[in-house]
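User: I would like to go through the side-chain packing of this model. Please take the questions one at a time and end each answer on the name or value asked for.

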Amino acid sequence: MALDRRGFLKFVAGGIIGTGLTPLPWKLTDDISIWTQNWPWIPHIPDGEINSAPALAKLGQPEYGILVSKVEGSPIIARGNPDHPLSQGGIDPLAASSVQLLHSPARIRQPMRKRNGEFEAISWDQAIKEIKDKLTRLKGQKNKVACISGDETSSTNEILAALLQGLDSDRFFFHPGETTLYNQIWQKIMGGQGHLGFDLPGADLVLSLGPDLLESWGNAVSQQYLFGKGTFRLIYAGPVQNKTAAVASRWIPVHSDSLGHLALALAYHILKKRSPARQNLSGFRELHRYVRRNYSPLEAQKKTGLEEATIQSLAEELLRARRPLVLPGSLSGSCDVSGFDLYCGVCLNLLLNRLNTAGGMQCIPEPPKVVRGAPSWSKMLSGDLLAELKKMEQSSTDAPELMFFYESNPVYSLPDKKLTRNTLDKIPYKVSFSQFMDETAATCDLLLPQHHFLERLDDAFTPFSSAAANYSVGLPVMEPVHSTRSTPDLLLDLSRKLGLDLGAESYETLLKEKAGLLGADWEKLTSGGMWQNNTVVSQGQLDLWNDRIGRMLDQDRERPDKYQVHLVPQTDRRTGTPRTAIPPFGLKTLREEELEENTFFIRLNRQTARKNGVREGSLVKIVSPEGTCRAKVNLDEGVMTDAVVVPLGFGHTHWDQFSRGKGDNAIQLLGVRCETGSEMCHCSTPRVRISKIEAAR
């Protein structure tokens, strides 16, 4: 059977992306099997009948249902769950390694307390007494306790935020990401209600303005499945021919700091051809006037580097489509996107009348509150951690006395390492609930390790990018391997000891109550199913223009002349997430042109290499205003001129030997920018310098 171009690209994408159609989506399965036999920490698997149990993957986005094969109660492998709508039988490389991570040497096996700079093992009774005494002393002192959570979907966040409220603190923060950034733009700046989702299943044309939606943005597993079915045509605009661009019907090369400008340049042509439904759009005339004045074909070409014909033809494609959808967002699936870029992409959808309609942006309702004293989900998402760190840096009196870290590793994953280090060092007492000895846990005073997600009860409400409100619950599929505990149950018990009634006897009763409020079937949820509700939140007046938006659009975006190369950070699930390091399986799949000994490779095209005096295989130094990385050069004509692709996920200083010391942490090249108008702090991707490192003689 002959393959047409699209069929060929889909075939290639299956190998490149790793759609997870098998439990391990790499051809190295046999090698891995032999390799792992030499690991003394892997338990012997008994002979016996193989059966499967549903579970909920919780290693960092995305959260979705998987199946775990077991022999005599011992998990042996994870695979996709065809009955879970967010999985459809697919699995990503990190979730495929989840059984292996149960036995990682980096796992924290019991409570630990730091004494004289070293950790010592203590009992759970000692650990609970120590943290109770600390919190009792701080109770009633305004904002002296804080928390950073890296899991946006779990009901554990309600317990943590309610505990802080009971201690007279509202310093609950999620790790910066697109969920929090979208929430600030949609609700704070534009006056929207609910939370934005994206109906890819209902779209017939998807324009991705930056996001690598088949690898790192939102629920990539679900999006790979939809793309494979051919439910939508895909156009990609961005600086590199990444895994999404490689299989899109069209790749439009444009630098990342021009993507918001491209959205407004498209708006210029769309407004000439079509009038949007304007009854709920305040500021339409002001925006129309701004676009007409600043994004004429000549101005648009200057701002985007694209020819007028390219922009006009793309606008016409959007107008011809019956159900177009525009996806603005981060290139790496993190917080490296500005409020300006998100606002421009959201506006383009509104001008195309793509709100609360099939194949468009969907306004998703909040989950019901089930913890007494907890703030709303919107309130929890409204905290700006990067802005808080900036505030703490300027005044030591603003630092909390105690900070919790739940499923987050900010010491490794936050930009501007100097800012992170200086502010977190000001906090006298830090507590980590991490499963692993990560970079943040290593700086803490008390470690209260929680169960691995295969050992615990947990839930997920509407992971980022979902088309509709949904709810999943995962039961433990095995007994705990180490002396760990359920963090939410520990927090509920601790709250009672502090005299705080959060209204829940246990985490299980809390989740059952949430399921009941949603109208979900508990038995179906715990059997690997998912509750979903397509109800959308109707909107009142939305602001396309106000003083804050005007200031955001008009701010200066010039960069220093001495930094000429656009930095393009790129995420690969094989090398982990902001809270999970490289799993051993992932390390085995890295090719020689990705990692050589302990040096990672950057990618740039030949013209950029010549301009910077480097060539294939050169050892180079990448310098940004924030930091420096060391790498080798891999020439790739799929990268725009004057751009360099730098991989994320390397440079760990803790975890285990499979992650530690492998390359540099490229996040140290990124900065923090507080944007005028939106007042959002986000991870900025600066321009960099590249210079060759001469070999020592």
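**Packing and rings**

Analyst: The charged end of Lys303 sits over the ring of Tyr295, 4.9 Å from its centre, where "over" requires NZ of Lys or CZ of Arg within 6 Å of the ring centre and within 35 degrees of the ring normal. This is a predicted model, in which local features need pLDDT of at least 70 and side-chain atom pairs count only at pLDDT 80 or more, while totals for chains, interfaces and linings use all residues. Residues are numbered from 1 along each chain as its sequence is written, and side-chain values use heavy atoms, with hydrogens and water left out.

User: Which helix gives the most to the largest nonpolar core?

Analyst: A nonpolar core is a set of buried Ala, Val, Leu, Ile, Met, Phe, Trp, Tyr and Cys residues joined through side-chain atoms within 4.5 Å, buried meaning under 20% relative accessible area with a 1.4 Å probe, protein chains only. The largest core has 114 residues, of which Met190, Tyr343 and Ile602 touch the most other members. With 10 residues, the top contribution comes from a helix (a DSSP run of H or I, at least four residues, numbered from the N terminus), namely α10, residues 259-273.

User: How are the ring planes of Phe227 and Phe232 arranged, as stacked, edge-to-face or tilted?

Analyst: Rings of Phe, Tyr and Trp (its six-membered ring) pair if their centres lie within 6.5 Å, with planes under 30 degrees apart counted as stacked, over 60 as edge-to-face and the rest as tilted. Phe227 and Phe232 are both buried. Their centres are 6.3 Å apart with 50 degrees between the planes, and the pair is tilted.

Terms used: Buried means under 20% relative accessible area, exposed over 50%, partly exposed in between (1.4 Å probe, protein chains only). Helices (H or I, at least four residues) and strands (E, at least two) are DSSP runs, numbered from the N terminus.
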